[in-house]
Amino acid sequence: MKRWSFFDFISERGENDIHRWLHGADVTNAARAKINARIATLRGFPQMPEQYISAYVGWPKLLELRIVSNGVQYRPLGFYGPERGQFTLVVGGIEKGRIPKRLLEVGDERRKIVMADARRIVPHDFS
Amino acid sequence: MSVEKLSWRTQGESFRTTLAKSQMFQSLRDTEYRHLFVAERLRSSIALQIRALRQQREMTQMQLGDAIGKAQTWISTLEDPEYGKMTVATLLRLAEAFDTDIEIKFRSFSQTLDSLPKQGPDYFKVESFEQEFGVAKAADITKVQSLVAGAGSRKLTLVSSAFASVPEGLQLAEKLRGSSSERADGAEVSAASGRRSSGNILFNVVDIPRKQSAGARSAGLEEQDGTSKGATRSSGVAI
């Protein structure tokens with residue numbers, strides 16, 4: 001089996017939404033380092049372990065990378081695909097407790113967009 | 001390492017890997033970021049490797065816990081990337097349980113940048129001393145013989161380089177080749193053996209219900225790489 005490839009969702013205007021989220025006010029430098037290091041490490045692991053990823057009831061295709069930094073839970077959402085061996089990050093949030101339905105809806109909407117048009121992703125940007 | 005050197009694509013390296021390397025370098029220029037990146041990469045790598053080595057040996061968390069004298073919950077904690085507080089003593093106990101060497105070493109960031117984007121599925125796997133060098137003891141041979149003889153409802157695939165290293169092992173392999181026996185519950189247990197290219201000898205003990213076609217039976221017996229095909233099932237036991 002090949003290693004995992006991580007991708008980021010890009011908007012209609014061609015902007016990398018995940019990169020923008022990672023560099024936005026919500027995500028600290030520490031959290032960004034942690035998210036990127038986690039992605040870099042997971043690329044080499046054949047099966048994503050449950051301690052690294054969470055699924056949601058009612059949203060079978062969406063998954064969350066489990067990242068906690070300084071007591072804050074970061075919620076990069078993604079899905080397996082569009083191709084085998086690929087994982088695409090579609091949206092990020094930092095909400096505590098239950099994840100808002102709106103975030104899941106955006107995530108699923110973007111998942112469908114990517115599945116219909118694979119040009120809406122770029123390799124994960126580690127910068 | 002200069003930026004120019006990072007953008008140089010090494011032999012066999014994909015454009016995507018070169019790009020990831022260059023992006024990582026840009027981020028690592030920030031002191032706080034790179035220190036946190038190191039901490040997280042180390043924590044996740046160790047947790048993932050403990051899990052990978054346990055799975056490679058087909059051990060449950062409970063079995064690994066027993067091997068190092070700790071509870072299953074402790075193993076679960078060690079496999080949690082958020083934990084990251086394991087001591088050298090714990091790592092040594094794990095190395096003992098996995099029968100591997102261990103290296104704890106500082107390195108430059110250029111080495112990290114060079115290796116991290118290329119990290120593949122084999123990165124985390126490590127063979128035990130016995131898997132590598134096939135040191136066999138009489139007790140190992142007896143253990144396999146009794147496992148095969150008493151297969152019962154268990155489906156076993158026995159892979160051991162131990163067989164290749166001693167005359168008794170090779171003799172046992174020959175003796176068991178293609179042998180079969182009837183079981184009281186109506187299933188047939190067959191054992192097949194063959195030499196693999198790496199020098200290991202593999203045994204398949206496959207349960208085949210009588211209803212199955214001859215085709216399905218042969219599919220099970222022809223399987224020689226440690227995995228099962230078709231309607232037959234097996235699981236691996238390495239000694």
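Buried means under 20% relative accessible area, exposed means over 50%, and partly exposed lies in between. The exercises below apply these terms to a predicted model.

**Exercise 1. Classify Tyr80(A) and Phe87(A) by accessibility, then describe how their rings are arranged.**

Solution. Step 1: Tyr80(A) has a relative accessible area of 39%, so this residue is partly exposed. Step 2: for Phe87(A) the value is 0%, and Phe87(A) is therefore buried. Step 3: the ring centres of Tyr80(A) and Phe87(A) are 5.5 Å apart, with 80° between the planes. Planes over 60 degrees apart count as edge-to-face, and the pair Tyr80(A) and Phe87(A) is edge-to-face. Step 4: ring pairs also link these two residues with Trp4(A) and Phe6(A) into a cluster. A search over all chains finds six aromatic pairs.

**Exercise 2. Determine whether the rings of Tyr33(B) and Phe37(B) are stacked or edge-to-face, and locate both residues.**

Solution. Step 1: the ring centres of Tyr33(B) and Phe37(B) lie 6.0 Å apart, and the planes meet at 20°. Step 2: planes under 30 degrees apart count as stacked, so the pair Tyr33(B) and Phe37(B) is stacked. Step 3: both residues belong to helix 3 (residues 31-56) of chain B, where they are four residues apart, or about one turn of the helix. Step 4: Tyr33(B) is buried, its relative accessible area being 1%. Phe37(B), at 2%, is buried as well.

**Exercise 3. State where Ile39(A) lies, and list its contacts beyond four places in sequence.**

Solution. Step 1: Ile39(A) is part of helix 2 (residues 29-42) of chain A. Step 2: its relative accessibility is 0%, so Ile39(A) counts as buried. Step 3: when residues up to four places away in sequence are not counted, Ile39(A) touches Phe6(A), Leu65(A), Leu89(A), His124(A) and Phe126(A). Phe6(A) is also a member of the ring cluster in chain A. Step 4: Ser5(A) is 34 residues from Ile39(A) along the chain, and their C-alpha atoms are separated by 9.3 Å.

**Exercise 4. Follow the contacts of Trp59(A), and examine the salt bridges formed by Glu105(A) and Asp108(A).**

Solution. Step 1: Trp59(A) lies in strand 3 (residues 59-65) of chain A. With a relative accessible area of 19%, Trp59(A) is buried, because the cut-off for this class is under 20%. Step 2: leaving aside neighbours within four places in sequence, Trp59(A) contacts Lys101(A), Leu104(A), Glu105(A) and Asp108(A). The C-alpha atoms of Trp59(A) and Glu105(A) are 9.0 Å apart, although 46 residues separate the two along the chain.

Step 3: side chains of opposite charge can pair when their charged atoms come close. Glu105(A) meets Arg102(A) in a salt bridge of 3.6 Å, N to O. Both residues are in helix 3 (residues 101-116) of chain A, and because they are three residues apart, about one helical turn separates them. Glu105(A) is partly exposed at 30%, whereas Arg102(A) is exposed at 51%.

Step 4: Asp108(A) forms a salt bridge with Arg111(A), with the closest N and O atoms 2.8 Å apart. Arg111(A) and Asp108(A) are likewise three residues apart in helix 3 of chain A, and about one helical turn lies between them. Both Arg111(A) and Asp108(A) are buried.

**Exercise 5. Identify the salt-bridge partner of Asp117(A), and name the residues of the salt-bridge network that includes Arg13(A).**

Solution. Step 1: the partner of Asp117(A) is Arg119(A), and the closest N and O atoms are 3.0 Å apart. Step 2: Asp117(A) is partly exposed at 22%, while Arg119(A) is exposed at 68%. Step 3: the network links Arg13(A), Glu15(A), Asp17(A), Arg20(A) and Arg110(A). Over all chains, the structure holds 17 salt bridges.

**Exercise 6. Describe the surface patch that contains Ile104(B), and give the position of this residue.**

Solution. Step 1: Val88(B), Leu92(B), Ile102(B) and Ile104(B) make a nonpolar surface patch of about 360 Å². Step 2: Ile104(B) is in the loop between helix 6 (88-98) and helix 7 (109-115) of chain B. Step 3: Ile104(B) has a relative accessibility of 57%, so this residue counts as exposed.

Terms used: Residues numbered from 1 in each chain as written. Chains lettered and ligands numbered in written order. Predicted model: local features only at pLDDT ≥ 70, side-chain atom pairs only at ≥ 80, totals over all residues. Heavy atoms only, no water. Patch = residues over 30% accessible without salt bridge, like charges linked within 9 Å, V, L, I, M, F, W, Y side chains within 5 Å. Areas by Shrake-Rupley, 256 points an atom, 1.4 Å probe, with all protein chains shown as cover. Salt bridge = Lys/Arg side-chain N within 4 Å of Asp/Glu carboxyl O. Helix = DSSP H or I, 4+ residues; strand = E, 2+ residues; numbered from the N terminus. Buried < 20%, exposed > 50% of the residue type's maximum accessible area, 1.4 Å probe, protein only. Phe/Tyr/Trp six-rings, centres within 6.5 Å; stacked < 30°, edge-to-face > 60°. Contact = heavy atoms within 4.5 Å.
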